Amino acid sequence: MAPELHGEYKVHGGKLVVVDLDVVAGLLANVSVSGDFFLEPDEALDDINAALSGLPADLPATALAEAITAALPAGVVLFGFSAQAVSVAVRRALAKASSWLDHDWDIIAPTVLPTAVNVALDEVLTREVGAGRRNPTLRFWDWNEPSVVIGSFQSVRNELDPAGVEKYGINVVRRISGGGAMFMESGNCITYSLYLPQSLVDGLSFEDSYKFLDAWVMAALESIGIAAYYVPLNDIATDQGKIGGAAQKRLGNGAIVHHVTMSYDIDADKMVEVLRIGKEKLSDKGTRSAKKRVDPLRRQTGLPRAEIVARMMETFRERYNAQASVLSSAELEEAKRLVDSKFGTDAWLNRIP
């Protein structure tokens, strides 16, 4: 009889990995790995199946991948997949990892809110998804006031020029995720947050999770003539320059916020007056000027910002059967409370002076 459990994982930019298996007395059994990948020599597939057979079914993905790697003889070539990819497919077969279509997705269209409220909503909605009170959700930001949103671990004095902040009336807020500072004027960039269960990225490295979670937006950009790609760890670029960056925060309740900002029509001269972008930050970027690092989508596409956002929403909706949603009054009230108690306070902003 064929194994009863079935899991699949499509490697970002690679091949499909399929695993069929049973669980007998808490151990993996009748393991059969297949897919459209390439593997040399052929016999290595038997080594992979044997390495997994008999392992406890509750092992984490990292342990499964380590067992596969240890069992493969020297010189084996895996092309289009990896031991980690096999482990993800195993975890999906066991229903310990999930795929996009295992979830009901919501989309919240751009809503103009104070930047501090937008930042607070990232914490609120990640909590709600982790608690099961909200479906996994894609939310697009919108705002009116000129702002800089700094990463959770950045120093205020090292990232910001006080003269530029005062000159342009910049509202400075600290977010919960790491990464770099975001210079945000009304209409000058496209920002979205994904709130999702950690099961969706189970077994993926941090680097792979970034690319995996943004595969849909790469497809949306491709549909309007932008060939974008990831520059590890979290920069999104085209051949004409950097267009955006991503950040993540994983909460203890099993949920993640994955946050992306892409430049649409940034005033680069103003940006470098507000942000301190030093030579060390540029040292591995292959450019001497911060202005050259961020290349706006407006120039590359000629499209209105709203049209690009609409294409992104349409792509996400079609790929993952997502439904339109709105922020609840309770979510907004909780975000405003968090602004008062956390995100709008000097203590939070200056926790790293």
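This dialogue goes through a predicted model, taking its cores, a helix, some salt bridges and a pocket in turn.

Trainee: Which residues have the most contacts inside the largest nonpolar core?

Mentor: In soluble globular proteins, nonpolar side chains tend to be buried together. Here the largest nonpolar core has 68 residues, and those with the most contacts inside it are Leu28, Leu52, Val86, Trp100, Trp216, Met312 and Phe316. Helix H3, residues 83-93, brings the largest share of this core, seven residues. A second, separate core of 27 residues includes Ala116, Leu125, Val149 and Ala255.

Trainee: What does Val86 touch, leaving aside residues up to four places away in sequence?

Mentor: With those set aside, Val86 touches Val17, Val19, Val33, Ile48, Leu52, Ile68 and Phe81.

Trainee: How should I read the buried side of a helix, and which residues of H13 are buried?

Mentor: An α-helix has 3.6 residues a turn, so residues three or four places apart point the same way. In helix H13, which covers residues 329-343, the buried residues are Glu331, Ala335, Leu338, Val339 and Phe343, and the buried residues of this helix pack against helix H4 (115-131), strand E9 (171-174) and helix H14 (346-349).

Trainee: Glu331 is a charged residue, so which side chain does Glu331 meet in a salt bridge?

Mentor: The side chain of Glu331 meets that of Arg134, with N and O at 2.8 Å. Arg134 lies in the loop between H4 and strand E7 (137-142), whereas Glu331 belongs to helix H13, so the pair ties together parts 197 residues apart in sequence. Both partners are buried.

Trainee: Where do the partners of the salt bridge between Glu123 and Lys342 lie in the chain?

Mentor: Glu123 is in helix H4 and Lys342 in helix H13, 219 residues apart, and their closest N and O atoms are 2.8 Å apart. Glu123 counts as buried because its relative accessibility is 7%, and the cut-off for buried is under 20%. Salt bridges that share partners join Glu123, Arg127, Glu334, Arg337 and Lys342 into one network.

Trainee: Turning to empty space, how many residues line the second largest pocket, and which are the closest to its centre?

Mentor: Rolling a probe the size of a water molecule over the atoms shows where empty space is left. The second largest pocket holds about 340 Å³ of space; of its 14 lining residues, the closest to the centre are Lys10, Trp100, Phe212, Arg319 and Tyr320. Strand E1 (5-10) gives the most to the lining, three residues, and the lining residues divide into eight nonpolar, two polar and four charged.

How values were computed: Residues numbered from 1 in each chain as written. Predicted model: local features only at pLDDT ≥ 70, side-chain atom pairs only at ≥ 80, totals over all residues. Heavy atoms only, no water. 1 Å grid on protein atoms, 1.4 Å probe; cavity = no way out; pocket = protein on both sides within 12 Å on 5 of 7 lines; lining within 4 Å. Points joined across faces, edges and corners; volume = space filled by probe spheres on them. Helix = DSSP H or I, 4+ residues; strand = E, 2+ residues; numbered from the N terminus. Nonpolar A, V, L, I, M, F, W, Y, C, P; charged D, E, K, R; others polar. Buried < 20%, exposed > 50% of the residue type's maximum accessible area, 1.4 Å probe, protein only. Contact = heavy atoms within 4.5 Å. Core = buried A, V, L, I, M, F, W, Y, C linked by side-chain atoms within 4.5 Å. Salt bridge = Lys/Arg side-chain N within 4 Å of Asp/Glu carboxyl O.
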